[in-house]
Each structure stands twice: as structure tokens, then as C-alpha cells.
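User: Could you take a close look at the ligand site for me, and then walk outward into the strands and loops around the rest of the chain?

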Amino acid sequence: MSLKNIALCCFALGAVAVASGQQSPPRQEQALVSRTSADAWWKHAVIYEVYPRSFQDSDGDGKGDIKGIESRLDYLKSLGVDAIWITPMYPSPQVDFGYDIADYEAIDPQYGTMGDFDALLKTAKAHGIRVIMDIVLNHTSDQHPWFKESASSKTNPKRDWYIWRDGKDGSYPNNWQSWFGHSAWTPDKTTGQYYYHYFYTQQPDLNWRNPEVRKAMYGVMKFWLDKGIAGFRMDAVSRLFEDPGLHDDPYLPGYNAFGDRNIQHKYTDDLPETHVVFQELRKLADSYPSHPVLIAEADEPTIADLAKMYGTHGDEVQLPMDFQIADLNELSAPKFRKLFQEVETNPADGWPEYFFSNHDQVRQWERYGDGKHNLEIAKLMAVLEMTPRGTPQMYYGEEIGMRTTEPTRKEDVRDPIGITGWPKEKGRDGERTPMQWTPAAPNAGFTTPTATPWLPVPPNARTINVETELADPNSLLNFYKGLLKLRHTETALMFGDYKTLNPDDADVFSFERKVPQGGQGRNIVVAMNMSAAVHTVKFDDVGAKGGVVMQSNYSASGSKVDLGGLELPPFGAVVVAVE
Ligand code: GLC
């Protein structure tokens with residue numbers, strides 16, 4: 001048993017004993033319980049991503065804000081969310097809707113004031129909900145005073161805070177491309193040099209080789225941690241460093257949606273220096289007794305690359321987001337099985353973190369739906385998200401089955417990549433439409449009735465909304481609530497091991513979650529039929545013939561099932577307590 005499992009096992013015993021009102025564990029065990037429960041909080045949390053611009057508007061300007069988020073904490077609590085990750089709310093010209101930061105230690109007036117933020121933290125704490133901030137370390141806005149200084153002259157003390165280079169042969173310094181299209185270099189008239197930006201022109205990259213930059217950014221993080229936030233989701237962190245030799249990236253076949261030649265970002269992604277920064281960041285986080293979590297945007301090409309982010313000694317990022325899983329745009333039992341197995345057995349023994357939707361990605365409703373069984377599939381995906389070992393991360397609105405509503409005309413597009421890439425790349429507006437709360441008010445309750453929301457509220461909000469779904473026992477929302485409750489009460493789901501079952505099944509993905517040795521509770525079998533055909537599966541390996549349905553998208557909770565021949569309808573998903 002690894003150290004990790006011993007700690008969890010002891011915590012499980014304590015947690016179960018406390019929850020069931022039994023005698024407390026012995027004193028020595030108690031100490032372990034309180035220590036592990038604090039430092040492992042993020043292992044047992046359900047994280048919910050809030051896109052603040054789109055969640056809830058309180059002042060009628062058509063854009064969500066902090067007071068709006070605060071007013072919805074009761075809802076989040078009743079859903080069972082433990083922590084919210086809020087995408088950037090710092091002052092920003094909003095070219096990339098907050099990912100272009102002009103001041104790291106303030107709140108953009110469109111979202112409210114620092115006083116509002118402090119009040120949110122306090123109310124969230126009272127609800128038992130932690131607040132995770134988004135931090136953009138790779139780049140700032142071109143309107144940040146640091147960049148303005150840096151751009152002002154070649155001799156400015158902040159010149160080296162960004163990446164400035166001379167052009168080559170009358171053109172760009174090299175062939176590096178922006179993730180958002182075209183060259184990653186923009187010429188600057190004042191000094192005649194080019195500056196580098198992995199993303200938009202208005203998002204110049206910081207020079208992480210400069211110790212002053214590191215110091216400044218660690219200072220920013222301390223500023224927020226001192227306020228009592230629970231950690232950071234770190235934006236684009238695999239891109240902190242670039243090859244100082246400026247080697248050209250290798251070309252790949254074909255062209256991208258922006259009409260550029262495809263390239264491999266070999267000299268700008270995942271440079272070894274990044275790990276030194278991760279270690280420094282982790283030291284900073286670990287210096288807080290509240291055990292803040294570091295979550296990395298880790299769109300890594302392989303699980304081996306993702307595993308490196310945990311650090312060789314578990315001393316880097318606690319939760320690299322698993323984009324291997326998130327980017328599988330296909331409902332495939334063998335492929336999901338393989339990916340979950342890979343992260344489960346990752347070489348760093350790191351804790352998995354997975355998700356299916358976020359603010360950069362077409363929502364899961366469309367990505368996995370077949371157009372006919374979408375509700376069943378959405379429930380199946382909820383089972384897949386809430387039952388494996390690891391930390392699940394939800395995206396606002398997925399719990400009600402919000403759809404991706406893309407703009408239909410170029411002139412309506414708000415996300416600049418949709419303008420550059422139209423019509424092949426329509427941008428990310430589709431997955432950022434306002435949260436749908438109620439059928440009873442104009443704008444679905446997202447903003448005041450007469451306001452114009454920053455993106456239109458989809459017409460389907462009349463039927464797809466929180467209020468309507470709360471009243472329907474078979475809704476997706478109530479299905480999620482049930483699953484989140486199971487996650488918080490079943491020892492096997494909180495602390496149990498994960499074991500693949502029927503590894504060769506082409507259509508049904510199933511696994512067992514086992515109560516750790518000495519713990520109390522029931523073992524759990526999860527089975528998901530990822531096909532449109534009926535399948536009967538046998539579970540010979542679980543040491544029992546029968547079970548009881550805890551939650552399912554086709555059968556009532558409490559029904560008995562035969563594990564020696566379990567019939568699953570098309571896209572049937574079931575969580576079974578083994579008896
Ligand atoms: C990350 C964010 C994305 C943003 C980009 C640049 O990928 O998730 O929304 O546009 O970084 O900051």
C-alpha cells in the first residue's frame with residue numbers, strides 16, 4: 001500500500017465514523033484524520049467552473065458579476081459543489097475576456113469591487129465552498145503598466161520582462177505561430193523590435209527567465225492567497241518558456257483554421273525550465289496551512305507529459321487537468337477505458353483531475369450526444385465524471401444540459417478567434433452563453449428583464465433551465481445532484497481504489513470502486529453502455545452475484561440487479577452497490 005493509500009484509508013475510517021455518529025477514532029488516528037482531511041481536501045472536492053461574465057448579472061449591465069455569483073451560492077451548495085474556479089476577474093481590456101490582465105491585484109469594475117470579492121469569499125466560506133482564482137502567468141495585457149514600460153524604450157528597466165527580438169531578413173524573428181492564428185511576433189514601431197505572444201497580439205508573453213518577473217508574479221499569488229483563496233487554476237502554464245536560441249518550429253502537414261501551415265510547438269511548449277517554476281509555485285502554496293491547490297491547464301500531448309507536471313517527487317502541480325480525456329470527442333468504451341487507466345496508473349502516481357466541458361470547448365451535450373439519446377448520454381457522462389477515482393471538474397450549465405449555441409453571423413461573434421477564423425473557426429461564444437436559471441423571467445433570469453445580455457440567451461432556455469429541472473425528478477440536474485451526493489457519502493467513491501472490469505468489452509465501460517481495507521461502506525460497480533445496442537454484461541470479478549441500483553439513467557434507485565447478467569439498454573449507465 002502506498003503512503004497515499006494509507007493516509008486516505010485512515011481518513012476514510014475517521015470520516016465514516018464521524019458521519020455515522022460512531023465513536024471517534026483513537027487520538028493518534030484523529031490527528032491523521034484532521035491532517036489528511038485538510039491537505040487532501042482537493043482530492044475529495046467537486047470543482048465547478050464559473051465563467052463570471054455569463055453566470056449571473058446583478059446590476060443590469062448584461063454581464064455577470066461577483067454579487068451575482070454570491071447570490072447563487074445557495075444553488076451551488078444544494079448541487080453539492082465544494083469549490084468554484086472563477087475565470088479571470090482582474091481589470092482587463094477584455095480582448096480575451098479577462099485572460100489579458102492589466103492589473104493582477106484588483107477587480108475589474110465590470111465585476112464589482114474588492115469589497116464585493118471579500119464578501120463573496122466570506123459567504124462562500126459560510127456555505128462550505130472554496131474559491132479558486134484563475135491566474136495568468138504566461139502573459140499580461142499589452143495595457144499592463146509593465147508592458148507599457150517595457151515597450152517604451154530598449155533601455156527601460158522592464159525591457160527584459162517581455163520577449164523582444166530583432167526581425168530577421170526584414171521579417172519576423174522566426175516561424176513561431178500564435179495559438180490564435182498567424183505569427184507569434186508583433187512589430188513595435190517605437191523601438192523597431194518584435195515582441196512575442198503565444199496568444200493574441202494584445203497578450204505579450206512575460207520573460208520567465210527574468211528573476212524580477214518571477215518575484216512579481218509570486219507576489220501577486222501571495223496577495224490572493226493571503227486573502228484566503230483556496231488555490232489557482234494556472235492558465236497556459238506549459239508555455240512559460242521559449243527556446244532562447246529561437247529555433248524554427250517544425251512544420252506539419254496541412255493548414256489550420258486560420259489558413260496558417262500547421263506546426264509543432266516544439267520550441268515554445270513544455271520546456272524543462274517550467275518544472276523549476278512549478279516547484280517554486282508549489283513551495284509557495286505549501287507555505288500556507290490551508291493547503292491551497294494548484295491546478296494546471298495541461299493540454300499535453302501524452303499522459304507521460306501530463307505526469308511530469310506532478311513532479312518527480314510530487315512536488316509540483318497537484319492537479320494537472322487531463323485534456324486527454326477532455327479532448328476525446330467520441331463516446332467510445334475502449335478509448336475512455338484506456339485513458340482512465342492511463343491516468344490512474346500515471347508514472348508520477350499523481351491524483352487524476354478530469355472534465356468534459358470548459359470555456360474553450362464545445363459543450364459535452366453536443367460532443368457526445370448522438371442527436372437521438374442526448375439526455376441519456378448526458379446522464380451517462382455525468383456518471384463517468386462523478387464515479388472514477390480523481391477530482392471532477394464541472395462547467396457551469398452542464399448540469400442542466402446547456403447546449404453550445406454558436407453565432408450564425410460573423411458580425412455577431414465576440415471572441416476574436418471567431419473573427420479571425422470565420423467560418424471554419426467560429427470562436428468560443430457558443431459555450432459561453434448566459435446561465436439559464438428560470439423560464440419565468442426574460443433573459444432566463446441571468447440579467448434584469450430590460451438588459452441586453454453580452455451574448456444572447458438561447459431560446460431553449462424556456463425548457464432548459466434550473467427552475468424547470470429542479471421540479472422534474474427525472475431531470476439531468478436532479479441526476480447530477482444525486483451523483484454528487486453519492487460522491488460525498490460513499491466511502492468507495494471518496495477513497496476507494498479503481499479497478500477496470502471486463503477490459504475487452506467493445507461497448508460497455510465498467511469499473512469497480514472498492515472500500516479501502518478496514519473502511520466501512522459498500523463496494524461499487526459502475527457500468528456504462530456507450531452504444532445504441534442492448535448489451536448484457538457479466539461481472540465475474542467482483543465476488544458477488546447481486547447488487548442494488550444506487551443511481552441509473554434507466555432504472556429506479558433501490559432496484560435489485562443481477563451482476564451475473566446485467567442487461568444495459570442503449571446508453572444505459574448504472575451505479576450499483578455490490579451486495
Ligand atoms: C487558456 C484559456 C483561454 C485563453 C488562453 C489565453 O487556454 O483557457 O480561454 O484564451 O489561455 O490566455
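Analyst: Here is the ligand site, followed by the sheets and two backbone oddities.

A quick note on ground rules: this is a predicted model, where local features need pLDDT of at least 70, side-chain atom pairs count only at pLDDT 80 or more, and totals for chains, interfaces and linings use all residues. Residues are numbered from 1 along each chain as its sequence is written, and side-chain values use heavy atoms, with hydrogens and water left out.

The ligand has 13 residues around it, the closest being Asp96, Asp235, Glu297, His359 and Asp360 (a residue counts if one of its heavy atoms lies within 4 Å). By class, that shell holds 7 charged, 3 polar and 3 nonpolar residues (Asp, Glu, Lys and Arg count as charged; Ala, Val, Leu, Ile, Met, Phe, Trp, Tyr, Cys and Pro as nonpolar; the others, Gly among them, as polar). Aspartate 96 puts a polar side-chain atom 2.5 Å from a ligand oxygen, and aspartate 360 does so at 2.5 Å too. For histidine 359, a side-chain N or O atom is 2.8 Å from an oxygen atom of the ligand. On its own the ligand exposes 310 Å², and the protein buries 96% of that (Shrake-Rupley areas with a 1.4 Å probe).

Now the strands (DSSP E runs of at least two residues, numbered from the N terminus; two of them pair if DSSP finds at least two bridges between them). Eight-stranded and open, one sheet runs 11-10-7-3-2-1-13-12 with parallel pairing. Its edges are strand 11 (319-320) and strand 12 (353-355), each pairing on one side only. Inside this sheet's order, strand 2 (83-86) and strand 3 (130-136) pair in parallel over 4 bridges, with isoleucine 84 opposite valine 131.

The other open sheet has 3 strands in the order 4-6-5, paired antiparallel. Strand 4 (164-165) and strand 5 (185-187) each have a single partner strand, so one side of each lacks a neighbour in the sheet. Strand 4 meets strand 6 (194-196) over 2 bridges, and arginine 165 faces tyrosine 194 there.

Finally, the oddities. Most residues other than glycine have a negative phi, and most peptide bonds are trans. Phenylalanine 97, though not a glycine, has a positive phi of about 45 degrees; it lies in the loop between strand 2 and helix 6 (114-126). Tryptophan 422 and proline 423 are joined by a cis peptide bond, omega about 0 degrees, and proline 423 lies in the loop between helix 15 (416-421) and helix 16 (466-470) (helices are H or I runs of at least four residues).

Methods. A polar contact is a pair of N or O atoms within 3.5 Å; within protein, one must be able to donate a hydrogen and the other to accept it, and residues adjacent in sequence count only if both atoms are side-chain atoms.
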